[in-house]
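Please open the model in your viewer and keep the sequence panel beside it. The tour below moves from one selection to the next, and says at each stop what is there.

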Amino acid sequence: MAAVHGDAHGHGHDDHHPTGIMRWITTTNHKDIGSMYLWFSLAMFFVGGTLAMGIRAELYQPGIQILEPELFNQFTTLHGLIMVFGAIMPAFVGFANWQIPMMIGAPDMAFARMNNWSFWLLPVAASLLVVSFFVPGGAAAGGWTFYPPLSTQGGLGVDMMIFAVHILGASSIMGSINIITTILNMRAPGMTLMKMPLFVWTWLITAYLLVLVMPVLAGVVTMLLTDRHFGTSFFNAAGGGDPVLFQHIFWFFGHPEVYIMILPSFGIVSEVIPTFSRKPLFGYSSMVYATASIAILSCVVWAHHMFTAGMPVVGQLFFMYATMLIAVPTGVKVFNWTATMWRGSMTFETPMLFAIGFIFLFVIGGFSGVICAIVPIDIQVQDTYYVIAHFHYVLVSGSLFALFAGAYYWLPKWTGNMYNETLGKWHFWLSMFFFNLTFFVQHFLGLAGMPRRIPDYALQFADFNKISSLGAFGFGLTQVLFVYIVINCIRSGEKSPEKPWDGATTLEWTHLPTPAPYHSFETPPVVK
Amino acid sequence: MANSNAIVNITMRKKLLIFTLMMFAFGYALVPIYEKFCEVTGINNLLQPDVLVEENWVDTDRWVTVELDANSRGLPWQFKPLQRSVRINPGEPVDVMYEIINNSDREINGQAIPSYSPTYLDKHLKKFECFCFTKQVLKPYETRQMPVQFVIEPSLPTNIHTVTISYTFFELPDGKKAIRE
């Protein structure tokens, strides 16, 4: 870092950076970049959320009310893409940027300039996705999984989506390379791998998963692109290709992808639970091994998304058993979190509430996952609202709740101010209530046979859909409260004590002042 | 210390980038792997002739209706079966005729892709001759009649009384070989 020391400026070493917008465009500081990632993902969360509100408004009652089917399909497609690639993933990378260097005692990320680059690709990709709504033919409308033949037939919007996925993939790969290198090479003396905080461990494994599968996604969208414009026939039966092949390659990426979105949240929860239980994490090493086993297993279960695509029974059985096996390491984790809380001196500040809410609801999502893994049941519930309910339980009350837990937990460290605890608790309880109102009833809708991605439905589904829509509107509004809490905390929050959480034991709390200085750990701490 | 660290980092970045490129290539390698896998396991093997087995057992107690369907997609060919359906005993060899007419003034290469209903019919259907095994080249305004010779085996589940065999012709770009040649 000393190399970038300027000469003409009168600033001290600590705040040598351009001001205004140029500070953010040119920054190589991991904290700045982390903040940008977090703000970006928050903005995308609201874009994706607005699309969700549109979907739920259309489904509020039977018939076509406000969205024509064509536009409805664009909404569901872009809601999925934006939430996965624009909101959840960048939010975790934001946490990684802020926290990993501070938690392992490194001065910054390994490749500071590449870090800047990997962030600034994101707004480009996001604009491509958002602008695609306004091109002739509209945005991609074949579902976030963009299966051919729909994705080989769509218009310009599909090309923009393909390009956006390329860019997002490049950004993720660069981010992962940065994270892996930082963790493996830049730990403070004494910080052995098995002393690393669990958040760092989960991100190390996630980053490996990302470099493993993101290039495959890039490959498959490239094939799609050449099928569309350059006369290849990878997925075109007329030219000897096979559309089912796309599904195999896509889900070879797609299943590890869902663990990419959940493993870092396991890490956040594994930091929050011990802090507020005032006990060390129960079974640290088993947590590490469980995370690694989940990551490895996640690479051999992809075809459970395709049980109805046509597969020999032997294949179905293999993927069914392999999928059910994932419940074992996941169960180890849930057991360890519970055991950490057992007889701890627990207090229930907002981060802890979100972490406990995470455990409760993620377990429900995990169980419905095991149910979906069973071939005959999956054939029944494939593409119904049961699946929608399942993956929102693991992605919203899983990943998103963990992100909220992490945000409340580290906001004092990042800003130096406390958030408003009363409002935080309101945010949690309202989210909890409205989330379950929205998604629990979707289990019933799915079991009764309501298909996903359809703007209209049979009359017998009307009541549950109304409940679900009301819940969704409430959940959406509740998230505006979160934005208020964060801005309020930054601008006029009470000054945070040096260590607001007395149970915290990781380096950023024990070795750094609050708020964390712009440059931290330029001399690495020694970990005993 | 800072310098040696930077070198270690850059070496690691190089390795990870190479790994990334390898995974990109692996995505493409999945295409031939998938085809080989399907070929070895006999999944999706619709475009290769089966070997004629003599003295097949014919289930004369059962009748199955075979509906014949024909489509052409994106090329100016008129394509139809000469009989809409045939009633057969499982195990009995069947001959049906299809006809294509090129309605344009240019020479066109076409390839037919089969599709069955129910989809598991491919396990019980043996085809000995079919125009779909090779590409078809039709001169301007040429008409051609082509046979399909097949057997539906008695192993077909007994609750199935009607099956459909459908062919769709697609245009092959000039110079491109038939799909499985």
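The expected span of a helix is 1.5 Å times one less than its number of residues. Keep that rule in mind for the opening stop, and bear in mind throughout that this is a predicted model.

**Stop 1: a helix of chain A**

Select residues 243–277 of chain A, which form helix α8. With 35 residues at 1.5 Å a residue, α8 of chain A should span 51 Å, and because its end C-alpha atoms are 51 Å apart, the expectation and the model agree. Turn the view until A:W251 is in front of you, since α8(A) bends by about 30 degrees at this residue. Is the helix enclosed by the rest of the structure or open? Of the 35 residues of α8(A), 31 are buried, so the helix is largely enclosed by the rest of the structure. Step past its end to A:R278, which follows α8(A) and has a positive phi, near 55 degrees.

**Stop 2: the two domains of chain A**

Colour residues 16–196 of chain A as domain 1 and residues 383–506 as domain 2, following the domain assignment. The centres of domain 1 of chain A and domain 2 of chain A, taken over C-alpha atoms, are separated by 19 Å. Their contact takes 24 residues from domain 1 of chain A and 21 residues from domain 2 of chain A. On the side of domain 1 of chain A that touches domain 2 of chain A, the elements giving two or more residues are α2 (30–58) and α3 (69–104) of chain A, and α3(A) gives the most, with 10 residues. If you colour that side of domain 1 of chain A by residue class, you will find 15 nonpolar, 7 polar and 2 charged residues.

**Stop 3: where the chains meet**

Now show both chains, and select the contact in which 26 residues of chain A meet 25 residues of chain B. On the side of chain A that touches chain B, α6 (156–185), α7 (198–229) and α8 of chain A each supply at least two residues. Which of the elements of chain A gives the most to this side? That is α7(A), with 7 residues. By class, the side of chain A that touches chain B holds 18 nonpolar, 7 polar and 1 charged residues.

**Stop 4: chain B and its strands**

Hide chain A and look at chain B, which has 1 helix and 9 strands, arranged along the sequence as α-β-β-β-β-β-β-β-β-β. Chain B is divided into domain 1 (1–44) and domain 2 (64–172), and 42 Å separate the centres of these two domains of chain B, taken over C-alpha atoms. Of the 181 residues of chain B, 19% count as buried.

Select strand β9 of chain B, residues 162–172, together with strand β1, residues 64–73; the two pair in the parallel sense over 9 bridges, and B:D69 stands opposite B:S166 in β9(B). Then add strand β5 of chain B, residues 108–117, which pairs with β9(B) in the antiparallel sense over 9 bridges, with B:Y116 opposite B:I165 in β9(B).

Next, centre on B:I152 in strand β8 (residues 143–152) of chain B. B:I152 counts as buried because 24 other C-beta atoms lie within 10 Å. Leaving aside residues up to four places away in sequence, B:I152 touches B:V64, B:V66, B:I88, B:P90, B:H124, B:L125 and B:V163. B:L125 is 27 residues from B:I152 in sequence, yet their C-alpha atoms are 4.7 Å apart in space.

**Stop 5: backbone details**

Most residues other than glycine have a negative phi, and most peptide bonds are trans. Begin with B:S117 and B:P118, whose peptide bond is cis, with omega near -5 degrees; B:P118 lies in the loop between β5 and β6 (125–129) of chain B. In chain A, A:T514 and A:P515 are joined by a cis peptide bond with omega about -5 degrees, and A:P515 lies in the segment after α17 (507–510) of chain A.

Stay in the segment after α17 of chain A to find A:F521, which is not a glycine but has a positive phi of about 55 degrees. A:F521 is buried, with 21 other C-beta atoms within 10 Å. Finish at B:Y141, in the loop between β7 (136–138) and β8 of chain B, where phi is near 60 degrees. B:Y141 counts as exposed, because it has 10 C-beta neighbours inside 10 Å.

Conventions. Residues are numbered from 1 along each chain as its sequence is written. Chains are lettered from A and ligands numbered from 1 in the order in which they are written. This is a predicted model: local features need pLDDT of at least 70, side-chain atom pairs count only at pLDDT 80 or more; totals for chains, interfaces and linings use all residues. Helices (H or I, at least four residues) and strands (E, at least two) are DSSP runs, numbered from the N terminus. A residue is buried if 20 or more other C-beta atoms lie within 10 Å of its own, exposed if 12 or fewer, and partly exposed in between; C-beta atoms are placed from the backbone. Two residues are in contact if their C-beta atoms, placed from the backbone, lie within 7 Å. The bend at a residue is the angle between axes fitted to the seven residues ending there and the seven starting there. Domain bounds come from an automatic or database domain assignment. Ala, Val, Leu, Ile, Met, Phe, Trp, Tyr, Cys and Pro count as nonpolar, Asp, Glu, Lys and Arg as charged, and the others, Gly among them, as polar. Two strands pair if DSSP finds at least two bridges between them.
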